[in-house]
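Q: Please take a close look at one part of this model: the pairing of charged side chains, and the setting in which such a pair sits. Keep it brisk, and go residue by residue where that helps.

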Amino acid sequence: ALARRGFVVHGAEQSPRVVAAIRSGRAHLFEPGLDEGIAQCLGQRIHVADALPAGAVDAAIICVSTPVDPATNRPQLDNLQSAARHVAERARPDTLVVVRSTVPVGASRGIVLPELARRTASPRLAMAPERTIQGQALRELEELPQVVGGLDAASGDAAAALFGTLARRVVRVSSLEAAELVKLVNNCHTDLIYGYG
């Protein structure tokens, strides 16, 4: 969606299978319109590798799985921390970092921010939760309001500007934690609907 709006998108993925699939013009998962979008933009506005290009991104969007540990029923945040560390190592000090993953309230500040703060004195961090339904993602990225909470006003402003190029409406919330809670409440609402479905 961002590539179609003229952004150059660098995807960083650790799975060689996923990298190979995208480099061949195929998505590794089903989402209507995704293969066509990749084919249209690959090599021009979409690039994929096992690492971000060093110092070359204005914004880094973290979208990683946060599975639940079956023994403890607690979220496993290793992927989030690993991605944050990678972004911190490869990004510029002024790179905006946006968390999109489903995380517990406080994870952006408690897991991502320390990794960024090890590399820069003034990290730019926002939470803009991914709230799309599989099979509708590309449409909903544009049609659903994008919720944005920033570490500070500058981070929130930068994230709102970025997602404002994508969505018709951006809803600013007061903090990283408020945006994290929006995602969790959305998921609870969806679970409730499915439970009665």
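**Salt bridges and the surroundings of helix α4**

A: The structure holds eleven salt bridges. The model is predicted. Side chains of opposite charge can pair when their charged atoms come close. Some of the pairs can be taken in turn.

Start with D94 and R92. Their side chains meet in a salt bridge, with N and O 3.0 Å apart. D94 is partly exposed, at 38% relative accessible area. R92 is also partly exposed, at 27%.

Next come E140 and R139. Here the salt bridge has an N to O distance of 3.9 Å. The cut-off for a salt bridge is within 4 Å, so this pair passes at 3.9 Å. E140 is buried, with a relative accessible area of 10%. R139 is partly exposed, at 38%. Partners can also be shared: salt bridges link D58, R92 and D94 into one network.

Now the pair that leads into a helix. E115 forms a salt bridge with R118, and their closest N and O atoms are 3.1 Å apart. The two side chains also make a polar contact, again at 3.1 Å. E115 has a relative accessible area of 5%. Buried means under 20%, so E115 counts as buried. R118 has a relative accessible area of 59%. Exposed means over 50%, so R118 counts as exposed. The bridge therefore joins a buried residue, E115, to an exposed one, R118.

What surrounds E115? Set aside its neighbours within four places in sequence, and E115 is in contact with Q81, A84, R85 and A88. E115 itself lies in helix α4.

That helix spans residues 107–117, and its buried residues are A107, S108, V112, L113, E115 and L116. Viewed down the axis of α4, these buried residues fall within an arc of 160°, so they line one face of the helix. What does that face meet? The buried residues of α4 pack against two helices and three strands, namely α3 (78–90), α7 (176–196), β3 (59–62), β4 (96–99) and β5 (124–127).

Strand β4 gives a view from the other side. V99 is found in β4. V99 is buried, with a relative accessible area of 0%. Leaving out neighbours within four places in sequence, V99 is in contact with S108 and V112. Both of these are among the buried residues of α4. The remaining contacts of V99 are I62, L80, L125, A126, M127, A128 and P129. V99 and A83 are 16 residues apart in sequence; C-alpha to C-alpha, they are 10.0 Å apart in space.

Finally, helix α7, one of the elements that the buried residues of α4 pack against. V185 has its place in α7. Its relative accessibility is 46%, so V185 counts as partly exposed. V185 forms a nonpolar surface patch with V105 and L181. Together these residues have about 250 Å² of accessible area.

To pull the view together: E115 is a buried residue of α4 whose side chain pairs with R118. V99 is a buried residue in β4 that touches S108 and V112. V185 is a partly exposed residue of α7.

Terms used
Residues are numbered from 1 along each chain as its sequence is written. This is a predicted model: local features need pLDDT of at least 70, side-chain atom pairs count only at pLDDT 80 or more; totals for chains, interfaces and linings use all residues. Side-chain values use heavy atoms; hydrogens and water are left out. Buried means under 20% relative accessible area, exposed over 50%, partly exposed in between (1.4 Å probe, protein chains only). Helices (H or I, at least four residues) and strands (E, at least two) are DSSP runs, numbered from the N terminus. The arc is that of the directions from the helix axis to the C-beta atoms. Contact means heavy atoms within 4.5 Å. Patches are made of residues with over 30% relative accessible area and no salt bridge: like charges are joined within 9 Å, nonpolar side chains (Val, Leu, Ile, Met, Phe, Trp, Tyr) within 5 Å. Accessible areas come from the Shrake-Rupley method with a 1.4 Å probe; for residues, only the protein chains shown count as cover. A polar contact is a pair of N or O atoms within 3.5 Å; within protein, one must be able to donate a hydrogen and the other to accept it, and residues adjacent in sequence count only if both atoms are side-chain atoms.
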